[in-house]
Amino acid sequence: MSQTRTPREVFEALLERITAGRFDELGELYAEDAVVETVFEPVGPRRIQGRAALEERFAQVAAHSPLRLAARNVVVRGTDDPQVVVAEWDYRVEHREGGRSFEAANIQVLRVREGRIVHSRDFHDHLALAVAGGHLPQLVEALGGK
């Protein structure tokens, strides 16, 4: 009989898979009807609902991202609600081709039931990620500042 992962363990598995570039394995950490909100996303969807939509998003990121991410300064805090953890960390972001590197701050508030993420509110430094990925011109254009 396998034991269900705690919210902390689910977050740790999520971060480990992201930093290892194993985006095809992320979907299994989410409930079928999971909701992910990327609160500060400057363009694109700020809310993604359902494991299938999340897996599609993860596949897009994997196919188009020239970035390598290393997690540092990771702090995971429990809350009064045993299903909820708050995680803070920094990514050391390296552009694989251009050699640029940056720090990008992150916070996630995860609700986990029966070992799967059912809701996540994500606060990432999208500007730093756009700069590191070489996508700042596209971001400015998308925001209407052509």
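**Exercise 1.** Through how many residues does a hairpin join β3 to β4?

*Solution.* Bear in mind that this is a predicted model. Start with the pairing: β3 and β4 run antiparallel, and ten bridges join them. Next, pick out a facing pair to fix the register: Leu69 stands opposite Val93 in β4. Finally, follow the chain from β3 to β4, and you will find a hairpin that joins them through five residues.

**Exercise 2.** Find the sense in which β4 and β5 pair, then inspect the turn between them.

*Solution.* First, look at the bridges: there are eleven between β4 and β5, and the pairing is antiparallel. As a checkpoint, take Ala87, whose bridge partner in β5 is Gln108. Then move to the turn, where five residues lie between the two strands of this hairpin. Gly99 sits in that turn with a positive phi of about 80 degrees.

**Exercise 3.** Work out which elements build the largest nonpolar core, and place Leu14 in it.

*Solution.* Begin with the members: the core has 30 residues, and those touching the most other members are Phe11, Leu14, Ile18, Tyr30, Leu54, Tyr91 and Ile117. Now assign the core to elements: at least two residues each come from α1 (7-19), β1 (30-38), α2 (51-64), β3 (67-78), β4 (84-95), β5 (101-113) and β6 (116-124). Of these, α1 gives the largest share, six residues. To finish, zoom in on Leu14 and set aside neighbours within four places in sequence: Leu14 is then in contact with Leu26, Leu29, Tyr30, Gln108 and Ile117. You have met Gln108 already, as the bridge partner of Ala87.

Note on methods: Residues numbered from 1 in each chain as written. Predicted model: local features only at pLDDT ≥ 70, side-chain atom pairs only at ≥ 80, totals over all residues. Heavy atoms only, no water. Core = buried A, V, L, I, M, F, W, Y, C linked by side-chain atoms within 4.5 Å. Buried < 20%, exposed > 50% of the residue type's maximum accessible area, 1.4 Å probe, protein only. Helix = DSSP H or I, 4+ residues; strand = E, 2+ residues; numbered from the N terminus. Contact = heavy atoms within 4.5 Å. Pairing = 2+ DSSP bridges.
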